Amino acid sequence: MDVALGLSEGGWRLQVQPALWLSLLLLLCLEAGRCLRDWRRSGAGSRRLPGPFPWPLVGNALQLGDSPHLTFARMARRYGDLFQIRLGRRRVVVLNGEATIRRALVQRSAQFAGRPDFASFRLVSGGRSLAFGRYSEQWRLHRRLAQSTLRAFCGGAGLLEQCVSSEACRLIEAFLRLGPAGRPFEPAAELAAAAANVMCSLCFGRRCADDDREFRRLLGLSERFGRAVGAGSLLDVMPWLRAFPNPVRALSRDFERLNRDFYRFVGRQVARGRATYRPGVRRHMSDALMAALGRCMPGKGGNAQPGGEAQGPGRLGLEPEYVESSVNDLLGAAQDTTSAALSWILFHLVRLPGLQSRLGQELDRVVGRERLPRADDRSRLPSLEAFIYETLRYSSFVPLTIPHATTAPVELDGYRLPADTVVFVNQWSVNHDRRKWAEPGAFEPSRFLRRDGSLDRELAASVMLFSAGKRRCLGEQLSKTQLFLFTAILLHQCAFRANPAQPLSAGCTSGLTIRPRAFTLSVTLRDKQRGIVSPA
Ligand code: HEM
């Protein structure tokens with residue numbers, strides 16, 4: 001063919017290749033010129049937001065690294081707490097530090113309550129996600145419904161306490177099965193199942209069996225979910241990466257599959273509840289949601305049902321399918337975060353055996369050995385609470401919130417941000433701010449204790465891990481009760497030891513939540529004779 005065109009192979013190389021390279025270079029120069037122009041112009045009419053120079057095509061994506069929150073904290077030292085970057089062609093504003101974050105999320109709460117129009121966000125919870133949905137009147141109704149349902153079932157400690165205590169005891173039994181006679185094992189999968197089963201009990205009135213393979217498989221995928229939707233994921237900001245084989249395209253396909261599978265799993269559980277639903281009876285959160293939204297099978301139109309309970313989309317403005325999507329969101333949001341928290345708690349307990357035994361002694365003094373710890377012991381166990389808050393602060397395991405977006409043009413600290421600007425909120429920067437914490441890089445639970453040994457509640461409440469403003473986490477109170485009960489029961493019953501053959505790694509995984517790298521530990525019952533939990 002080349003010969004037919006009058007070009008030998010060598011001639012082709014000499015004449016065509018340089019032309020291709022020149023065109024590519026020209027394109028890159030044009031793109032770089034455009035970046036520079038945009039960069040200079042951004043914020044026209046007001047001050048330009050500072051930030052690093054964005055490279056053609058990728059913007060600052062290659063600078064983020066494995067831990068974008070650390071990169072942002074470093075950038076904040078150079079550009080200030082409010083700066084901008086570019087990911088692909090998307091402009092992203094990054095908020096750091098308590099004061100800046102509160103000025104945005106709390107003082108201008110409605111303007112910062114949006115979510116970006118990312119394609120991956122529309123795949124979550126059948127496209128009706130509360131956590132990933134855009135800010136609208138319908139979203140506000142959805143949030144109010146989820147909030148009141150959670151409050152009704154978890155407001156008092158009663159039902160929640162029952163579910164957590166029972167899961168904590170099963171967890172200990174599973175630990176003893178996996179590591180008989182103190183043999184080391186990996187606790188991560190059991191922690192994920194325990195956290196998810198608390199929510200399954202609250203949402204469906206039943207836990208999933210330990211040998212339910214589908215359930216276990218889905219829990220194992222939550223890390224991939226977090227990598228796809230976490231701030232810094234390239235999935236939505238460089239959609240062209242989906243056009244050819246590369247790790248981002250693989251992640252995107254995985255993400256579609258896992259959303260579909262998780263939603264189907266939730267759908268099956270809700271369907272069982274629909275089949276046995278009785279008006280006037282609220283066995284679990286799905287029943288309460290059905291009572292509010294109607295119990296028609298999804299896709300069968302309106303939700304007027306005999307029994308006089310169904311309120312119909314007319315009144316609430318939400319279709320019956322919102323039962324599945326609400327449960328999907330609550331279960332998804334709860335299990336990943338709670339199991340990450342429990343992993344960090346165990347990680348620090350085995351790392352610091354002296355602290356572990358002091359916490360055990362506090363439990364013995366306050367609770368005694370004849371019963372399990374209860375939620376109402378919390379105020380009398382300040383060292384345990386201080387340990388949990390320091391674990392939350394130090395690990396900051398949701399370092400960046402789910403990405404936000406502005407809902408309207410808004411001014412922040414003298415900078416004008418247009419509507420639909422993507423906003424990243426760096427919670428890690430608040431919890432490791434030298435202006436707020438002495439030696440933030442040191443693990444020091446006593447920073448939360450006053451001189452008289454009581455918990456400094458104001459300081460504890462200022463740890464930022466559940467975000468702030470209109471998108472603040474719905475499960476904050478539930479999580480704090482849950483983490484306290486799990487930790488208290490585990491410590492009351494067990495002694496945890498590091499595996500001398502596998503030193504703990506200082507590194508962690510990346511994504512929406514961060515976890516310690518896989519580690520093993522050994523467990524023994526503290527009190528074999530009087531232990532309330534016995535080996536299975
Ligand atoms: C230690 C455990 C938890 C942590 C650290 C945590 C943290 C967070 C964070 C950082 C967000 C994003 C907020 C934002 O984008 O500004 C969030 C959202 C959310 N969380 Fe949690 N969460 C935890 C547990 C839970 C639990 C147990 C539930 C449910 C029972 C839950 C339900 C939600 C929901 C529904 C949202 C979406 C809120 C919205 O977009 O309006 N979370 N959580």
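**Exercise 1.** At what angle do helix α6 and helix α12 pack, and how far apart are their axes?

*Solution.* Keep in mind that we're working with a predicted model. Two packed helices are described by the angle between their axes and the distance between the axes. Start by finding the pair: α6 covers residues 188–204 and α12 covers residues 322–351. Next, the angle comes out at about 145°, and the axes lie 8 Å apart. Last, the handedness: α6 passes α12 in a right-handed crossing.

**Exercise 2.** Work out which residues α6 and α12 bring to their contact, and sort them by character.

*Solution.* On the α6 side, look for Ala188, Leu191, Ala192, Ala195, Ala196, Met199 and Cys203. They meet residues of α12, including Val327, Leu330, Leu331, Gln335 and Thr338. Now sort the residues of this contact: twelve are nonpolar, four are polar and none is charged.

**Exercise 3.** Find Val198 in α6 and decide: is Val198 buried or exposed?

*Solution.* Count the other C-beta atoms within 10 Å of Val198: there are 24. The cut-off for buried is 20 or more, so Val198, with its 24, is buried. Then check its partners, skipping neighbours within four places in sequence: Val198 is in contact with Cys163, Val164, Glu167 and Gln482.

**Exercise 4.** Compare the span of helix α14 with the expected one, then see how covered α14 is.

*Solution.* α14 runs over residues 382–395, which makes 14 residues. From first C-alpha to last it reaches 20 Å, close to the 20 Å expected at 1.5 Å a residue. As for cover, 14 of its 14 residues are buried. Right after α14 comes Ser396, with a positive phi near 40°.

Technical notes: Residues numbered from 1 in each chain as written. Predicted model: local features only at pLDDT ≥ 70, side-chain atom pairs only at ≥ 80, totals over all residues. Helix = DSSP H or I, 4+ residues; strand = E, 2+ residues; numbered from the N terminus. Expected span 1.5 Å × (residues − 1). Buried ≥ 20, exposed ≤ 12 C-beta atoms within 10 Å, placed from the backbone. Axes fitted to C-alpha atoms, helices over the stretch in contact; angles between N-to-C directions. Left-handed = near helix turned anticlockwise from the far one by under 90°. Contact = placed C-beta atoms within 7 Å. Nonpolar A, V, L, I, M, F, W, Y, C, P; charged D, E, K, R; others polar.
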